[in-house]
Amino acid sequence: MSSMEAPSPGRGSPGPSAASRSGGAVATRMAGAPRMSWLTLALMTTSSVASLRAAPTMAVYGLACVFLYLVPAIVFLLPTALVSAELASGWEGGVYRWVSEGLSKPLGFLAVWCQFAMTIFYYPSLLAYVASTIAYVVNPALASNGPYTAVVIMVLYWTGVWVSSRGTKAVAGLSSWGLVIGTLIPGTLLVVLGLVFLGQGNTSAAPMNAAHLFPQWTGLASLVLIVNNFLSYSGMEMNAVHVSSLRDPAREFPRSMFTASGMVLLIFILPALAISWVVPSSQLSLTAGVMQAFDSFFQYFHIGWLTPVIAVALIAASLGGMLTWLAGPSKGLLMISRQEGYLPPFLQRLNKEGIQQNLLVTQGVVTTVIALAYALIPNVSSAYWIFSVITTQVYLIVYLLMFAAAIRLRRTQPDHPRGYRAPALVPVCVTGLIASAAAMAIGFVPSSQFGSGSVWSYVAIVGGGLVLLGLVIPYLFLRLRKPSWRNPDAQAELAEQEAEERRGTTGGAA
């Protein structure tokens, strides 16, 4: 999941003075930005994207998961990285500014809204994974229990809202350890145990021969799980803002992104393979698959006492990431809405700590309703998959707008200063657009792992979630907004916040 930046001042007049100011801002940012090595950027990008949470969804395909990870990496991961690098090096303000400049301000709001809205479904699916992991410490049978999952989601989410509403900054450091505690150590251990397991002559639960390099074709449903990988790869654009901190962006940024892409693929593919070696696909839970594999390996090697240790590490990393990100997307939406008047005053209101508590609570009410679906849908894995697909569908709107904006900006503002120019931008953007649109279309086909539920019910839930959350609600905000919704102090607050962030970045680099 990617972060959201506050908007830069709105689009100016298309005269020479505006271009001069833009050029001066870019030049100043490039000259004053702290220097960063391409390897540091690669590691930052890897930590932003890589996770073990998605491994079970690909482990069901065994060796074919390599193919299913490589395809979206080529047609989505790399285009996203290259295009966002050019946009970030030319226009401050993140997706809102990019789409506003390239297309229109209403579409810019749609992009930033979808970045926020996807978290409404993202957090229930993340916390369902946490609930299943906790179950392996308490009672493994609870991992497939819907009411238990719903209760854990609601308790953890509202606890996170309470912590975030108090402006606590201590949890921010937890995310920096997430890559090590919750990904690298458990992932490496999982792969090593798997290799030793196979090395001792045990048979893999999934066939590992050349005949299984590609997924078995049983119709579109056999490829639907590839859609989840688009969400797994989201976040590459987050660190594109640092492209101007590289000494030689034209050479170092592609090197950084190819390195990060390779590391991300290893972190995604190897643990997924390890899971497929020990847990048959017919028994694999999409939420608890990681712990199923660990539990099986630990029992085989007679070190079962490590199961709760690994569970606690995965839980800590996931909760740390949730707390760190909880207020981020809503904060970006809030700053834009206060400046442009996109949200009603009630949702713009801050508490005494300066936190957007009303927006967080409103989001929490919707999250609670979604959590109840885990208690109503018989299969926890099915509920997890549905919400993961809706999350991906809503987020893909952001990328469709980003690629379209990049093409138009290259044509309408070819001379605008950029610290990095993506090679073959138009073909790269077209590839990203087609891949994103195809993923969105395929997402409406029930997965072969979904079960025997009604196809039309699945389409109605996914389509309803996409249309309502990704289109109808932002349209109503735009249609109903009033001039009184604008906050006259928002521009000054934004400038002060940006100055603080620049000071913090400089201090951190020092």
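Tutor: Start with one term: two residues are in contact when heavy atoms of theirs lie within 4.5 Å. This model is predicted. In its protein chain, take the contacts with a separation of 6 or more: 83% of them join residues 24 or more positions apart.

Student: What makes up the secondary structure of the protein chain?

Tutor: There are 19 helices and zero strands. The chain has 510 residues, and 55% of them count as buried.

Student: How do you know that the length of helix 7 agrees with its number of residues?

Tutor: Helix 7 runs over residues 146-165, which is 20 residues. The expected span is 1.5 Å times one less than that number. That gives 28 Å, and the end C-alpha atoms are 28 Å apart, so the two agree.

Student: What caps the N-terminal end of helix 7?

Tutor: Asn145 does. One of its side-chain oxygens lies 2.9 Å from the backbone nitrogen of Tyr148. The cut-off for a polar contact is 3.5 Å, and this pair counts as a cap.

Student: Why are helix 6 and helix 11 called roughly parallel?

Tutor: Look at the angle. The axes of helix 6 (residues 105-138) and helix 11 (residues 289-300) cross at roughly 25 degrees. Angles under 35 degrees count as roughly parallel. Helix 6 and helix 11 therefore earn that name. Their axes come within 9 Å of each other.

Student: Which residues make the contact between helix 6 and helix 11?

Tutor: Helix 6 brings Tyr129, Thr133 and Tyr136. Helix 11 brings Val290, Met291, Gln292 and Asp295. Sorted by class, four are nonpolar, two are polar and one is charged.

Student: Why is Thr133 called buried?

Tutor: Its relative accessibility is 1%. Buried means under 20%. Thr133 is therefore buried. Thr133 sits in helix 6. Leaving out residues up to four places away in sequence, Thr133 touches Met291, Ala311, Leu314 and Ile315.

Student: What makes His302 count as exposed?

Tutor: Exposed means over 50%. His302 has 71% relative accessibility, so it passes the cut-off. His302 belongs to the loop between helix 11 and helix 12 (306-326).

Student: What is the sign of phi in His302, positive or negative?

Tutor: Positive: phi of His302 is near 60 degrees, and the residue is not glycine. Most residues other than glycine have a negative phi. Ala424 also has a positive phi, near 50 degrees. Ala424 lies in the loop between helix 16 (380-412) and helix 17 (425-442).

Student: How do you know that Gly443 is buried?

Tutor: The limit is under 20%, and Gly443 has a relative accessible area of 0%, so it is buried. Gly443 is in the loop between helix 17 and helix 18 (455-480). The C-alpha atom of Gly443 is 8.3 Å from that of Ile390, although 53 residues separate them along the chain.

Student: Why are Ser457 and Val459 called partly exposed?

Tutor: Partly exposed lies between the 20% and 50% limits. Ser457 is at 39%, so it falls in that range. Val459 is at 24%, so it falls there too. Ser457 is in helix 18, and so is Val459.

Student: Which residues does Val459 contact, beyond neighbours within four places in sequence?

Tutor: Phe444 and Gly464. The C-alpha atoms of Val459 and Val445 are 7.3 Å apart, with the two residues 14 apart along the chain. For Ser457 and Pro446, eleven residues apart in sequence, the C-alpha distance is 9.9 Å.

Notes. Residues numbered from 1 in each chain as written. Predicted model: local features only at pLDDT ≥ 70, side-chain atom pairs only at ≥ 80, totals over all residues. Heavy atoms only, no water. Helix = DSSP H or I, 4+ residues; strand = E, 2+ residues; numbered from the N terminus. Polar contact = N/O pair within 3.5 Å; in protein donor to acceptor, adjacent residues only side chain to side chain. Axes fitted to C-alpha atoms, helices over the stretch in contact; angles between N-to-C directions. Parallel < 35°, antiparallel > 145°, perpendicular 65-115°, else oblique. Nonpolar A, V, L, I, M, F, W, Y, C, P; charged D, E, K, R; others polar. Buried < 20%, exposed > 50% of the residue type's maximum accessible area, 1.4 Å probe, protein only.
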